[in-house]
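Hi everyone, thanks for coming along. Today I'd like to walk you through one protein model, slowly and with a few questions on the way. Let's put it on the screen.

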Amino acid sequence: MSYNMETFIQLRRALHQIPEPGFKEFKTQQLILSYLSTLPSERLEIETWRTGILVKVSGTNPSIRIGYRTDMDGLPISENTSYAFQSQHQGFMHACGHDIHMAITLGILTHFAHNPHQDDLIFIFEPAEEGPGGALPMMASAQFQKWKPDLIMALHIAPDYPVGTIATRPGILFANTSELFVDLYGTGGHAARPHQANDMVIATSHLATQLQTIVSRNVDPLDSVIVTIGKMTAGTKQNIIADHGRLEGTIRTLTLAAMEKVKARIQSMVEATAIGYHCKTEIDWGCSYCQVENHVKPTQHFMHWAQAQPDINLVECSVAMTGEDFGYFLREIPGFMFWLGVDTPYGLHHPQIEPNEKAIAVAIQTMCNYISEIRQSDS
Ligand SMILES: [Zn+2]
Ligand SMILES: [Zn+2]
């Protein structure tokens, strides 16, 4: 090998220091582009799309395009790790492992830049995964359409599995998710003159309670749905009747049909609240991700292969109620996503998460070996 795994640990650390929010990954994009410029260039073609990057590594005798995707953005979290290479962007942190995902992607890309595959490989660096969502607009871009892969793969770090574990399943892996913001506008007034006001504390709290009946009364008990209201605000002072209330929450479902049904119920309940309490209401669905549904054939092919690898512990996992916008890629392109064990007691999006960097070499090695074996018939 003409490269060293240490390179990708160093790249991960450099990326860890510059976490940036969605569509503002300017330094991240620069760092990746400048690394790419050090690779043998004969087979590389590079395109940028906003703060994202697409790289084509031409195959020796291509018949299909094999895609591999990483996300790029950090989160608005203040880092609290023991790292010497902590975030230099105050209030931002790579707390979802996207720094690790990028380093792994650069490792795989480097391998094939030196040892070309028979087929074309397309490496996709997607911005704004955490929000507002880079997948859909990126897929619509001319740069993506030009190199649209026939098969696509991605991984996500998994804090609760040991290093060396890969976990996935055919079919649905991650839930459908949608945010939910509801504003209610009434009429404020003096606390002692309720008949002249229209109290949004009452309307908002009634709606919050009513929304909890969706899962218990409208959803099939054998289906899994979450409606969580994480924040409720109304009013300004103890003796003033509130003229505004707001609910903020999230919805998770395992089918698109369930998501549509839940949204329709919420819509009705909000409209009914507007009528019942003589107020104005507004719903904002915020950012939503479609389910990550692994295609059965390529997933089983990968799982079967991984099972036979002595260094990998393959786990067939259950569905996670988290969201990931890789689901949009899988809606159009066959492929799969898997969890990569990084063994840390802190969960994703936690300010103290310290993924084990040994997982970087595991993933690079695994994906280089696996991609090397893929032939057209497997896609
Ligand atoms: Zn995340
Ligand atoms: Zn993530």
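Here is a warm-up: how far is the sulfur of C290 from the closest cysteine sulfur, and which residue holds that one? Please keep in mind that what you see is a predicted model. The closest partner sulfur sits in C287, and it is 12 Å from the sulfur of C290, which is too far for a bond. For a disulfide, the two sulfurs would have to be within 2.5 Å. By that rule, the model has 0 disulfides. While we are on cysteines, C290 is buried, at 5% relative accessibility. C368 is buried too, with a relative accessible area of 2%.

Now to another cysteine, C96, and the metals. Which residue coordinates both zinc ions? That is C96, and the zinc ion (ligand 1) and the zinc ion (ligand 2) are 3.2 Å apart.

Let's take the zinc ion (ligand 1) and go round its donors. From the protein we have the SG of C96, two OE atoms of E130, and the NE2 of H349, lying 2.0 to 2.8 Å from the metal. Why is the arrangement called irregular? Because the 4 donor atoms subtend angles of 51 to 148° around this zinc ion, whereas a tetrahedral label needs all angles to lie between 85 and 135 degrees.

Along the chain, the donor residues of this ion follow the spacing C-x33-E-x218-H. E130 belongs to the loop between β4 (120-126) and α4 (135-139), and H349 to the loop between β17 (335-341) and α11 (358-373), so this pair ties together parts that are 219 residues apart in sequence. Both loop residues have some accessible area: E130 is partly exposed at 21%, and H349 is partly exposed at 37%.

Over to the zinc ion (ligand 2). Its coordinating atoms are SG of C96, NE2 of H98 and NE2 of H156, at 2.2 to 2.3 Å. The sequence spacing here reads C-x1-H-x57-H. H98 is in helix α3 (residues 98-114) and H156 is in strand β5 (residues 151-158), so these two tie together parts that are 58 residues apart in sequence.

One last question: are H98 and H156 buried or exposed? Both are buried, whereas E130, at the other zinc ion, is partly exposed.

That's my tour. Thanks for listening, and do ask me anything!

Notes: Residues numbered from 1 in each chain as written. Chains lettered and ligands numbered in written order. Predicted model: local features only at pLDDT ≥ 70, side-chain atom pairs only at ≥ 80, totals over all residues. Heavy atoms only, no water. Tetrahedral: all angles 85-135°; square planar, octahedral: opposite > 155°, others 65-115°. Helix = DSSP H or I, 4+ residues; strand = E, 2+ residues; numbered from the N terminus. Buried < 20%, exposed > 50% of the residue type's maximum accessible area, 1.4 Å probe, protein only.
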